[in-house]
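These are my notebook entries on a single structure. I record below what I looked up, entry by entry.

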Amino acid sequence: MFHVTNRLLLRPAWPEDAEALFGVIADQGVVRNLASAPWPYLPEHARSFVQRDHDPRHPVFLITRPTAAGSDLIGCIGIDPGVDGTELGYWIARPFWGQGYATEAARGVMEIARLLGHNSLSAGHFTDNPASGRVLRKLGFRPTGKVALRHSCGRGEEAQCMLYRIDLGDEIAAPLQAA
């Protein structure tokens with residue numbers, strides 16, 4: 001499955017992406033904000049990630065930006081079965097922080113989730129990563145008022161995670177054009 005936004009191509013990971021993936025995710029500042037990526041992140045982790053099975057009901061995409069020379073790998077985004085229903089997760093490589101790529105990619109994935117029949121999404125961010133909370137609020141996610149301890153492999157411990165939810169039929173989530 002592929003999806004095109006204004007600036008991005010969301011596409012599946014392929015085995016030949018392992019080296020590029022390792023090059024952008026092997027950053028402790030990125031990995032510490034993820035639940036399942038280990039630290040230190042090693043080349044074999046990237047190889048394992050790009051070779052994993054794909055669930056068509058819960059797609060995971062590499063976020064790429066087309067360039068004259070090919071494309072830049074910006075990050076990763078997808079939906080997974082979660083504790084509180086289908087969960088949106090994403091990360092952006094440090095050189096691309098603050099440029100609206102997470103918001104743009106997430107809008108695309110929310111559109112895909114609707115097409116796949118998902119009625120709502122949950123998401124969360126570790127409390128010491130408020131930038132991710134700003135992305136979620138821009139997308140129309142609403143805080144649930146709950147903070148839960150979630151394990152972060154990258155931190156090697158549990159950390160407080162603010163939880164959010166969105167009904168994919170909400171008007172606030174509908175305008176998918178703005179980045």
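Entry on P12. I began with P12, which is buried, its relative accessible area being 13%. The model is a predicted one, and I read every entry here with that in mind. I located P12 in the loop between β2 (9-11) and α1. I then listed the contacts of P12, setting aside residues up to four places away in sequence, and found M1, F2, D17, H54, V60, F61 and L62. I also took one long-range separation: P12 and T103 are 91 residues apart in sequence, and their C-alpha atoms are 19 Å apart in space.

Entry on H3. I next looked up H3 and placed it in strand β1 (residues 3-4). Is H3 buried or exposed? With 15% relative accessibility, H3 counts as buried, because the cut-off for buried is under 20% relative accessible area. Neighbours within four places in sequence left aside, I noted that H3 is in contact with L8, L9, L10, G108, E111 and I112.

Entry on the helix pair. I turned to α1 and α3, recalling that two packed helices are described by the angle between their axes and the distance between the axes. Helix α1 spans residues 18-25 and helix α3 spans residues 43-51. I recorded a packing angle of about 125 degrees for α1 and α3, with their axes 8 Å apart. How are α1 and α3 oriented to each other? They are oblique, because an angle of about 125 degrees falls neither in the range 65 to 115 nor over 145 degrees. I noted the crossing of α3 by α1 as right-handed. On the α1 side, the contact is made by A18, L21 and F22. On the α3 side, P43, A46, R47, F49 and V50 take part. I sorted the residues of this contact by class and obtained seven nonpolar, no polar and one charged.

Entry on P40. I checked the peptide bond from W39 to P40 and recorded it as cis, with omega near 0 degrees. I placed P40 in the loop between α2 (28-31) and α3.

Entry on R94 and W97. I took these two residues together, since R94 lies in the loop between β5 and α4 and W97 has its place in the loop between β5 (85-92) and α4 (101-115). R94 is partly exposed, with a relative accessible area of 40%. W97 is likewise partly exposed, its relative accessible area being 40%. What does each residue touch, residues up to four places away in sequence not counted? R94 touches D27, G29 and V30, and W97 touches G29, V30 and I92. I looked up C-alpha separations for both. R94 and V30 are 64 residues apart along the chain, and their C-alpha atoms are separated by 7.0 Å. W97 and M110 are 13 residues apart in sequence and 20 Å apart in space, C-alpha to C-alpha.

Entry on H58. I found H58 in the loop between α3 and β3 (60-67). H58 counts as buried, at 14% relative accessibility. Not counting residues up to four places away in sequence, I listed I79, D80, P81, T86 and H118 as touched by H58. For a long-range separation I took H58 and R134, which are 76 residues apart along the chain, with 24 Å between their C-alpha atoms.

Entry on cysteines. How many disulfides does a search of the whole structure find? The search returned zero. I then went through individual cysteines. C76 is in no disulfide, and the nearest cysteine sulfur, that of C153, is 15 Å away. This is consistent with the result because a disulfide requires sulfur atoms within 2.5 Å. C161 is also in no disulfide; its nearest cysteine sulfur is again that of C153, 14 Å away. I closed by looking up burial for both residues: C76 is buried, with a relative accessible area of 6%, and C161 is buried, with a relative accessible area of 5%.

How values were computed:
Residues are numbered from 1 along each chain as its sequence is written. This is a predicted model: local features need pLDDT of at least 70, side-chain atom pairs count only at pLDDT 80 or more; totals for chains, interfaces and linings use all residues. Side-chain values use heavy atoms; hydrogens and water are left out. Buried means under 20% relative accessible area, exposed over 50%, partly exposed in between (1.4 Å probe, protein chains only). Axes are lines fitted to C-alpha atoms, for helices over the stretch in contact, and angles run from 0 to 180 degrees between N-to-C directions. Helices (H or I, at least four residues) and strands (E, at least two) are DSSP runs, numbered from the N terminus. Angles under 35 degrees count as roughly parallel, over 145 as roughly antiparallel, 65 to 115 as roughly perpendicular and the rest as oblique. A crossing is left-handed if the near helix is turned anticlockwise from the far one by less than a right angle, and right-handed if clockwise. Contact means heavy atoms within 4.5 Å. Ala, Val, Leu, Ile, Met, Phe, Trp, Tyr, Cys and Pro count as nonpolar, Asp, Glu, Lys and Arg as charged, and the others, Gly among them, as polar.
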